[in-house]
Amino acid sequence: MTKKGKLIGIGVGPGDTELLTLKAAKVLKSVPVVFSPKSAKEKESIALSIVRPILEERKDYKRLMLVEPIFPMIEDKEELERIWDSASEMIAQYLNSGRDVAFITLGDPSIFSTYSYVQRRLIDRYEIETIPGITSFTACAATRNKALVEQNNILTVVPKIDDRLEEVLEYSDAVVLMKASRNTGELESTIEAKNRPKEIYSVQNCTRENEKVIEGFSNEKPYLTTTIIKFDD
């Protein structure tokens, strides 16, 4: 009976290939199958663009199985469940054939990652290893050359603001707004009007060639934009 392969979730960091961990690079130099989800057929996966220099160094690069399933940015839960089920079964086919599969994802696999959906579906059936990566918000803080939090400060990471906003702002010393392209003018006005001394900055395309640091909120808001609010009191 063929021994089943192992699923390896790999966080590829915020954008700079040099910020891959040594362990991630080691796996990517030898794994036979790489899964690289993308949001649309005509778009290249950002995660793949980060690891491509590593993959292209492989002597067996032409024999590498590179699979690019479509994970569209939609909010239809039933459709998303179907997509995640399909991707999980596709990965299972490779694992059943005895081949290890690396699933690459931006930042860290445990932070708002598509990998978590297939991980959950396969964890009871296969051996799984997860390799952490540098998160976008820690990379942004490094770019700014300032700590995110110190001593007993509370850091809150927010993917999308809802009616919990006031409570989040009240009890946080620093707030990370992930996926800042979703920010609305109303949300930004609410944060700016909060009667607490604060510093607000946004980083677009952190660690990439077109990186840009902006004081306050970003008006352009490309997809890879993170906003950080630091309260001084």
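This passage describes a parallel sheet, the helices that lie across it and one buried strand residue in a predicted model.

The sheet is a good place to start. Its five strands are arranged in the order β3-β2-β4-β1-β5, forming an open sheet with parallel pairing. At the edges are β3 and β5 (127-131), each of which pairs on one side only. From one strand to the next, the twist averages 20°. Toward the β3 edge, the parallel strands β2 and β3 are joined by three bridges, and valine 34 stands opposite leucine 66 in β3.

Two helices can be placed relative to this sheet. Helix α3 lies across β1, β2, β3 and β4, and runs at about 170° to β2. Helix α4 lies across β1, β4 and β5, with an angle of about 155° to β5.

Helix α3 invites a closer look. It covers residues 77-96, and at 1.5 Å a residue these 20 residues should span 28 Å; the end C-alpha atoms are 28 Å apart, so the expected and modelled spans agree. At the N-terminal end, aspartate 76 acts as a cap of α3, with a side-chain oxygen 3.1 Å from the backbone nitrogen of glutamate 78. Beyond the other end, α3 is followed by glycine 98, which has a positive phi, near 95°.

The buried residues of α3 are Leu80, Ile83, Trp84, Ala87, Ser88, Ile91, Ala92, Tyr94 and Leu95. An α-helix has 3.6 residues a turn, so residues three or four places apart point the same way. In this model, the buried residues of α3 pack against four strands of the sheet, namely β1 (6-11), β2 (33-35), β3 (65-67) and β4 (101-105), and also against α4 (115-122).

Further along the chain, isoleucine 228 offers a local view of another strand, β10, which comprises residues 225-231. With a relative accessible area of 0%, isoleucine 228 counts as buried because this value is under 20%. Leaving aside residues up to four places away in sequence, isoleucine 228 touches Phe137, Cys140, Ala141, Leu148, Val175, Val176, Glu199, Ile200 and Tyr201. Serine 202 is 26 residues from isoleucine 228 along the chain, yet the C-alpha atoms of the two residues are separated by 6.2 Å.

How values were computed: Residues are numbered from 1 along each chain as its sequence is written. This is a predicted model: local features need pLDDT of at least 70, side-chain atom pairs count only at pLDDT 80 or more; totals for chains, interfaces and linings use all residues. Side-chain values use heavy atoms; hydrogens and water are left out. The expected span of a helix is 1.5 Å times one less than its number of residues. Buried means under 20% relative accessible area, exposed over 50%, partly exposed in between (1.4 Å probe, protein chains only). Contact means heavy atoms within 4.5 Å. A polar contact is a pair of N or O atoms within 3.5 Å; within protein, one must be able to donate a hydrogen and the other to accept it, and residues adjacent in sequence count only if both atoms are side-chain atoms. Two strands pair if DSSP finds at least two bridges between them. Axes are lines fitted to C-alpha atoms, for helices over the stretch in contact, and angles run from 0 to 180 degrees between N-to-C directions.
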